[in-house]
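Student: Could you walk me through this one, step by step? I would like to reason from the geometry.

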Amino acid sequence: MLNFFQLIIIYAGIYALMAIGQNCITGNTGMLSLCHAGFFCIGSYSTAIICKVVGLPFWFSLPVAAIVSGFVGFLIGVPTLRLKGDYLCIATLGLGEIIKNIATNVNPVGMMAVPRAELFGYQFSSRNKFTFILLVWFFVLIAYLLFRQLAHSRLGRAMTAVREDEVAAQANGINVTKYKIGAFILGAAVGGTAGCFATAYTLTVQPGSYTFMVSVMVLCMVVLGGMGNLAGVILGAFIIEFISYFPQLVGLSSVIPAQASQIIYGLVLVIMMICRPQGILGRDRYRYGDGRKTRRSAAVKKEA
Amino acid sequence: MRILETESVSRVFGGVVAVNKVDFHVEQGLVNGLIGPNGAGKTTLFNQITGMDHPTSGRIIFDGKDITRLPAWKISRLGIARTFQNIRLYNDLTVIENVMMGLHFKVGSDPFKGRFVQAVKSYFNAGKENRELYSKALEWLEFFELAPLKDEFARNLPYGNQRELEIARAMASEPKVLFLDEPAAGMNPSETAHLMYIISRIRELGVTVVLIEHDMKLVMNVCDNITVLSFGQKIAEGTPDEIKSDPLVIEAYLGREEE
């Protein structure tokens, strides 16, 4: 049982990384994209190829996966980001499927026995789940801090402006195309690193697993937790992972088919859209100037 | 002095000639009115100038520079700010965040550093930069008497304040020319009077204003010179008094008398 909870926490961490990437694209910049499974696939293959075929350590594959996914995000972004809303969604869905299909055709059997990630001689294996949790969540924390800083900077605000009103953003001197492509590259890069950890954990890569459903799941996490709220999307990742492992957790996996979780995602989304469209935690509210100053001056007073 | 000039600008949508060889010019430091009946092409001309759309033919010169084909975000960086006929605020952001967005390119425009370096800098210096932007934005809100509403969401503001906020956001970028597209539309008389006061204060700051408006009382009161468009063509220009008595303008607005 404990083992199983640990498994859920590991997968929640991996998906939280994906959701952070998706949040950058959908939550901050307002682009409805459905190709995160594709970036996940690229990240997984990068690790598998670098560790197994090239023979370099796992740590080397992390930046490579981020750069390669980011570059693919750029390639996907440039032609599709002129599209809006539903059209963008369909176009990115198609491109995500193309990535999956290329992988399936080039490497139909997948890759097995990828070497384990190592740190100072310690091997991260799926048998010792606890250290793996630390590894994954350490990177979730880093991604969280980096993207929180982004959201609260001038650059992040420009992304928000693009989400709120593209025309007004242009009138305020914001290069809309640049910010859209930038958000797509960043989102894709984080999605790629999530793929690295998935490979490091399972030590196999299976091209059939990067389906459209993965992208939908990630989007669900973002919508559920609260678009544009990083803590929210991480919470969303937890909830969705918990739902998807619920049948096994309560020992009813023989009664409840695996596809049932998809029905539950759908239900959760419908209920959320009706009752709380802004997500569980809603939008992230950052208080500029005043709020910080008062907090700081309060702290100073305490010291005095 | 003419700060902005259009040289026979035309914009054709399919078979419709929305703007037809218009020579429009803006005098520096004055309030320039642009009036005309509905569908005369006023907003279309605004869109050509601010880069939201590009002319089919003709040239637009701003401050001695050809800006005809520049994208909107570059034009606004040169010092042309605008508001919109149907208010375009960042509804899910607070009032002060809206104004901070107007200041977006005011920071990080150090000509000695590359764009990328500036982006990295503003990423790591976000806290300091935010405080600077915040205090600047607050000054603008005080100028427009919106400071008490600073933490309110833009969408929750009353209509008149939303209009003012849009002007505040445009003014935050310290433009050379401010384009106002029907700022008084839907306002009640007291709100319009306040708007008149705001426009006169903007003029005092030395900012050139271009105003599209249907409210003739407002136009005749605040404008120094007026250009009249009708069916995409310029039919008259001059001081408010000249425009009031121009037979072509009266015809365009009221129609011709049957003989």
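Tutor: Gladly! Let us fix one term before we start: two residues are in contact if their C-beta atoms, placed from the backbone, lie within 7 Å. Keep in mind too that this is a predicted model.

Student: With that cut-off, how many residues of domain 1 of chain B are in contact with domain 2 of chain B?

Tutor: The domain assignment splits chain B into domain 1, made of 1-79 + 175-259, and domain 2, made of 91-173. Their centres, taken over C-alpha atoms, are 27 Å apart. On the domain 2 side, ten residues take part in the contacts, and on the domain 1 side the number is eleven.

Student: Which element gives the most to the side of domain 1 of chain B that touches domain 2 of chain B?

Tutor: Three elements of chain B give two or more residues to that side: helix 2, strand 8 (177-181) and helix 7 (189-204). By class, the side has seven nonpolar, two polar and two charged residues. The most, three residues, comes from helix 7 of chain B.

Student: Now for the two chains. How many residues of chain B are in contact with chain A?

Tutor: Chain A brings 23 residues to these contacts, and chain B brings 30. Helix 2 (72-78), helix 3 (95-102), helix 4 (115-124) and helix 5 (126-143) of chain B each supply at least two residues of the side that touches chain A. So that you have the count to end on: chain B is in contact through 30 residues.

Student: And which helix gives the most to the side of chain B that touches chain A?

Tutor: By class, that side has 14 nonpolar, ten polar and six charged residues. The element that gives the most supplies six residues, and it is helix 5 of chain B.

Student: Phe143(B) caught my eye. Is Phe143(B) buried, exposed or partly exposed?

Tutor: Phe143(B) is found in helix 5 of chain B. Its C-alpha atom is 25 Å from that of Trp73(B), with their positions 70 residues apart along the chain. A residue needs 20 or more other C-beta atoms within 10 Å to be buried, and 12 or fewer to be exposed. Phe143(B) has 16 such neighbours, so the class is partly exposed.

Student: Let us turn to the strands. Which residue stands opposite Leu4(B) in strand 5 of chain B?

Tutor: Strand 1 (residues 2-13) of chain B pairs with strand 3 (residues 25-27) in the antiparallel sense over three bridges, and there Arg2(B) stands opposite Glu27(B). Strand 1 of chain B also runs antiparallel to strand 5 (residues 57-62), joined by five bridges. In strand 5 of chain B, the residue opposite Leu4(B) is Phe62(B).

Student: What is the phi of Gly14(B), in the turn of the hairpin?

Tutor: Strand 1 of chain B and strand 2 (residues 16-22) run antiparallel, joined by four bridges. Val12(B) stands opposite Val17(B) in strand 2 of chain B. The two strands form a hairpin with two residues between them, and Gly14(B) in the turn has a positive phi of about 60°.

Student: Where does Glu174(B) lie, and what is its phi?

Tutor: Glu174(B) is in the loop between helix 6 (159-172) and strand 8 of chain B. With 15 other C-beta atoms within 10 Å, Glu174(B) is partly exposed. Although Glu174(B) is not a glycine, its phi is positive, at about 45°.

Student: And what is the phi of Phe231(B)?

Tutor: Phe231(B) lies in the loop between strand 10 (225-230) and strand 11 (233-238) of chain B. Phe231(B) has 15 other C-beta atoms within 10 Å, so it counts as partly exposed. Phe231(B) is a residue other than glycine, and its positive phi is near 50°.

Student: Last, chain A. What radius of gyration does chain A have, against that of a compact globule?

Tutor: Chain A has twelve helices and two strands, and its C-alpha atoms fill a box of roughly 55 × 55 × 45 Å along the principal axes. Of its 304 residues, 51% count as buried. Among contacts in chain A with a separation of 6 or more, 80% come from residues 24 or more positions apart. A compact globule with 304 residues would have a radius of gyration near 19 Å, which agrees with the value for chain A, 20 Å.

Technical notes. Residues numbered from 1 in each chain as written. Chains lettered and ligands numbered in written order. Predicted model: local features only at pLDDT ≥ 70, side-chain atom pairs only at ≥ 80, totals over all residues. Nonpolar A, V, L, I, M, F, W, Y, C, P; charged D, E, K, R; others polar. Rg over C-alpha atoms; globule rule 2.2 N^0.38 Å. Domains from an automatic or database assignment. Pairing = 2+ DSSP bridges.
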